[in-house]
Amino acid sequence: MRARDYRLAASEECRNYSGTLALIYLILAIIEGAVSGATFGLGILVLGPLTMGTVMVSESVHNKGNVALETLFSGFKMFEKAVVLSILETVYLILWSLLIIPAFIKPYSYAMSFYIQKDNPEMTANESITESRRMMNGYKWKLFCLDLSYIGWILLCILTFGILSFWVSPKIQQAHYLFYLNISGKNNQEEVVTEE
């Protein structure tokens, strides 16, 4: 699949849920804004499970399931795993940020860790990160190209003072979920993303 194919597929999957997803991502932004001014510990305790919740939202959208605001908070059912994973990712990324090139590459190495943890709750957080690194071998550039293909939408979000992001962010997240399904082998589609 090309980046354009992921974008179109994500947009199609989100179409019937656009109002609900906009509300979910509005609430997410409000919570993120509230905890960003709080202590680092509180941020980790809240943002880890919410990140897991966005994975669950994407999964529900893909499976045409019940997508509701409470789906976002389903990540708290995996509270301990989500928090530990969030802490480890943050620590690793801080350490890698001391080196210039890895600081840009490593976020893509860890990009699949929450998806992996969601699908493999028996794994430790570190095992999920390690599996994400393995899974992303040869795919980091392709995921970067997928992200880059949204640059026009991101600029429009900035021009609308972030309002448009409540409709765009769910589509980007959904495209990432579809990317994960492809490279993890959970999807029969060809697992290729190329630049446009």
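The exercises below concern helix 11, two pockets and two nonpolar cores of a predicted model.

**Exercise 1.** Work out what span helix 11 should have, and compare it with the distance between its end C-alpha atoms.

*Solution.*
- Step 1. Helix 11 covers residues 165-183, which is 19 residues.
- Step 2. The expected span is 1.5 Å times one less than the number of residues, so helix 11 should span 27 Å.
- Step 3. The end C-alpha atoms of helix 11 are 26 Å apart, which agrees with the expected span.
- Step 4. Just after helix 11 comes G185, with a positive phi of about 80 degrees.

**Exercise 2.** Decide whether helix 11 is mostly covered or mostly uncovered.

*Solution.*
- Step 1. A residue is buried when its relative accessible area is under 20%.
- Step 2. Of the 19 residues in helix 11, 16 are buried, and the helix is therefore mostly covered.

**Exercise 3.** Describe the largest pocket and its lining.

*Solution.*
- Step 1. The volume of the largest pocket is about 810 Å³.
- Step 2. Its lining has 34 residues, and those closest to the centre are E32, T51, T54, F114 and Q173.
- Step 3. Several helices supply at least two lining residues each, among them helix 2 (18-36), helix 5 (79-96) and helix 11. Helix 3 gives the most, with nine residues.
- Step 4. Sorted by type, the lining has 20 nonpolar, 11 polar and three charged residues.

**Exercise 4.** Find which elements give two or more residues to the lining of the second largest pocket.

*Solution.*
- Step 1. This pocket has a volume of about 160 Å³.
- Step 2. Its lining consists of R4, R7, L8, S11, Y150, W153, L164, W167, V168 and K171.
- Step 3. The elements sought are helix 1 (3-14) and helix 11. Helix 1 gives the most, with four residues.
- Step 4. By type, the lining divides into six nonpolar residues, one polar and three charged.

**Exercise 5.** Which residues of the largest nonpolar core touch the most other members, and what is M112 in contact with?

*Solution.*
- Step 1. The largest nonpolar core has 35 residues, of which M112, L146, F179 and Y180 touch the most other members.
- Step 2. Helix 11 provides the largest share of this core, nine residues.
- Step 3. Apart from neighbours within four places in sequence, M112 is in contact with S132, M135, M136, L143, H176, F179, Y180 and I183.
- Step 4. A second, separate core has 13 residues, including L21, V46, L50 and V61.

Terms used. Residues are numbered from 1 along each chain as its sequence is written. This is a predicted model: local features need pLDDT of at least 70, side-chain atom pairs count only at pLDDT 80 or more; totals for chains, interfaces and linings use all residues. Side-chain values use heavy atoms; hydrogens and water are left out. Buried means under 20% relative accessible area, exposed over 50%, partly exposed in between (1.4 Å probe, protein chains only). On a 1 Å grid over the protein atoms alone, a cavity is a set of points where a 1.4 Å probe fits but cannot get out, and a pocket is an open set with protein on both sides within 12 Å along at least five of seven lines; lining residues have an atom within 4 Å of a point. Grid points are joined across faces, edges and corners, and a volume is the space filled by probe spheres set on the points. Ala, Val, Leu, Ile, Met, Phe, Trp, Tyr, Cys and Pro count as nonpolar, Asp, Glu, Lys and Arg as charged, and the others, Gly among them, as polar. A nonpolar core is a set of buried Ala, Val, Leu, Ile, Met, Phe, Trp, Tyr and Cys residues joined through side-chain atoms within 4.5 Å. Contact means heavy atoms within 4.5 Å.
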